[in-house]
Amino acid sequence: MSFARPEIIRPPSEHASYFLPLTSGCSNNTCSFCAYSFSKLGIRELDEVKQEIDAMSLYANQRMWVAGQPDIVYLILRSWNGKKVFLQDGDALVYPYPKLIEALQYLNQKFPAIERIASYATPRDILRRSLKELKTLKEQKLGILYMGVESGDDEVLQKIQKNADHNQMVEAAKKVKESGILLSVTVILGLGGVKGSEKHALETSRILTEMDPDYAGALTLTLIPETGLHKEWKHGEFEMITPFDSLWELKTIIENSTFSNCFFSSMHASNYYAIRGTMPKDKDKVLKQLKALLSRKDLDMLRPEFLRGL
Ligand code: SF4
């Protein structure tokens, strides 16, 4: 079956990257809140990846197009500054290791000025790789891995079928950090529902402290129609927290986490309120902001529902 190029879903910080698909879907397509739970993992042929890199190179050096390459390739190339590449898709680190190395070597050979290559990765993808392999990927400019942690609470992780527990995620995080690759993680406010809210927030602050990532982002749960969690909600088995409760979770997470040097933000479009700061330096300032918001409970201060995005 031929490889179907995935739509571009990327971390906000990768907006200036070239989006190079190695896979489609996600190898762990079970998470009950996620759009990828409908996906099936597709692995792209290495030859096809190389052909796209060749086409990129021809366009970058001579503004020439190659017949057969999709328009999206040239649409991205027109505004690409040649510095960053994001490997698609949901967990491109699952791409078979020897082929992944070869793809990165080829990319670096054609584009020696590339500064950083990035990818999403599941905890299992990371644990599957040895420290030596991660270091070799780092040498090939894999500079940052984005990992969805979602929650530090094992009960929540089990319910959403993350297929990784608290300790495995901490182990994966430590491995990434030891390899020298930057680690960026996301957690999801509201994922424990009303009943599990406090435990979700406290356990999430505990896992973040243990992981000590370089970047941490909070997202707010948005139910995607027909996902497992959406069905639970429809049947009354899962109760969504309120927007202000999500900000209480955010405050609790920040209050109880300790970081050595982490850029923490809730700037993702799914959130009701955006905060950002480098922890621990900005911790007090951010907490003050959230506490003021929570005491005023002014709905006009929040991002309106229709402007929230996934
Ligand atoms: S591992 Fe990540 S991308 Fe894959 S289904 Fe779970 S949340 Fe979605």
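## Glu 203 and helix α8

Glu 203 lies in helix α8, which covers residues 197-211. The structure is a predicted model. Leaving out residues up to four places away in sequence, Glu 203 touches Gly 152, Asp 153 and His 166. Trp 80 is separated from Glu 203 by 40 Å, taken between C-alpha atoms. Along the chain, Glu 203 and Trp 80 are 123 residues apart.

## Ser 257

Ser 257 sits in the loop that runs between α10 (243-256) and β9. Is Ser 257 buried or exposed? Ser 257 counts as buried because its relative accessible area is 2%, and buried means under 20%. Its contacts, apart from neighbours within four places in sequence, are Ser 205, Thr 209 and Lys 283.

## The ligand shell

Which residues surround the ligand? The shell consists of Cys 26, Asn 28, Cys 31, Phe 33, Cys 34, Tyr 36, Thr 122, Glu 150 and Lys 162. By class, five of these residues are nonpolar, two are polar and two are charged. The charged pair is Glu 150 and Lys 162. The polar pair is Asn 28 and Thr 122.

The ligand takes up the space of the largest pocket.

## The largest pocket

The volume of the largest pocket is about 1300 Å³. Its lining holds 49 residues, and those closest to the pocket centre are Pro 11, Tyr 120, Thr 186, Leu 219 and His 268. By class, the lining has 26 nonpolar, 18 polar and five charged residues.

Several strands build this lining. At least two residues each come from β5 (116-120), β6 (142-150), β7 (182-189), β8 (215-220) and β9 (262-265). Which strand gives the most to the lining? That is β8, with six residues. Some central residues can be placed on these strands: Tyr 120 falls in the range of β5, Thr 186 in that of β7 and Leu 219 in that of β8. Glu 150, from the ligand shell, falls in the range of β6.

## The second largest pocket

The second largest pocket has a volume of about 370 Å³. Its lining has 19 residues; closest to the centre are Lys 159, Gly 192, Lys 195, Gly 196 and Phe 238. Charged residues number eight in this lining, alongside six nonpolar and five polar ones.

Two helices, α6 (154-159) and α9 (228-234), each supply at least two lining residues. The largest share comes from α6, with three residues. Lys 159, one of the residues closest to the centre, falls in the range of α6.

## Cis peptide bonds

Two peptide bonds deserve a look. Gln 88 and Asp 89 are joined by a cis peptide bond, with omega about 15°. Asp 89 is placed in the loop between β4 (84-88) and α3 (97-110). Gln 88 falls in the range of β4.

A cis bond also joins Met 279 and Pro 280, and here omega is about 10°. Pro 280 belongs to the loop between β10 (276-279) and α11 (283-296). Met 279 falls in the range of β10.

## Positive phi values

Arg 63 is not a glycine, yet its phi is positive, near 55°. Arg 63 lies in the loop between α1 (46-62) and α2 (71-79). Why does Arg 63 count as exposed? Its relative accessibility is 54%, and exposed means over 50%, so Arg 63 falls in that class.

Lys 297 is another non-glycine residue with a positive phi, here about 45°. Lys 297 lies in the segment after α11.

## Met 301 and the segment after α11

Met 301 is also found in the segment after α11. Met 301 is classed as partly exposed because its relative accessible area, 35%, lies between the 20% and 50% limits. Not counting residues up to four places away in sequence, Met 301 touches Tyr 272, Tyr 273, Leu 293 and Arg 296. Leu 293 and Arg 296 fall in the range of α11.

How far apart in space are Met 301 and Tyr 273? Their C-alpha atoms are 7.7 Å apart, while the two residues are 28 apart in sequence.

Terms used: Residues are numbered from 1 along each chain as its sequence is written. This is a predicted model: local features need pLDDT of at least 70, side-chain atom pairs count only at pLDDT 80 or more; totals for chains, interfaces and linings use all residues. Side-chain values use heavy atoms; hydrogens and water are left out. A residue is near a molecule or strand if one of its heavy atoms lies within 4 Å of it. On a 1 Å grid over the protein atoms alone, a cavity is a set of points where a 1.4 Å probe fits but cannot get out, and a pocket is an open set with protein on both sides within 12 Å along at least five of seven lines; lining residues have an atom within 4 Å of a point. A molecule sits in a cavity or pocket if more than half of its atoms lie within 2 Å of its grid points. Grid points are joined across faces, edges and corners, and a volume is the space filled by probe spheres set on the points. Helices (H or I, at least four residues) and strands (E, at least two) are DSSP runs, numbered from the N terminus. Buried means under 20% relative accessible area, exposed over 50%, partly exposed in between (1.4 Å probe, protein chains only). Contact means heavy atoms within 4.5 Å.
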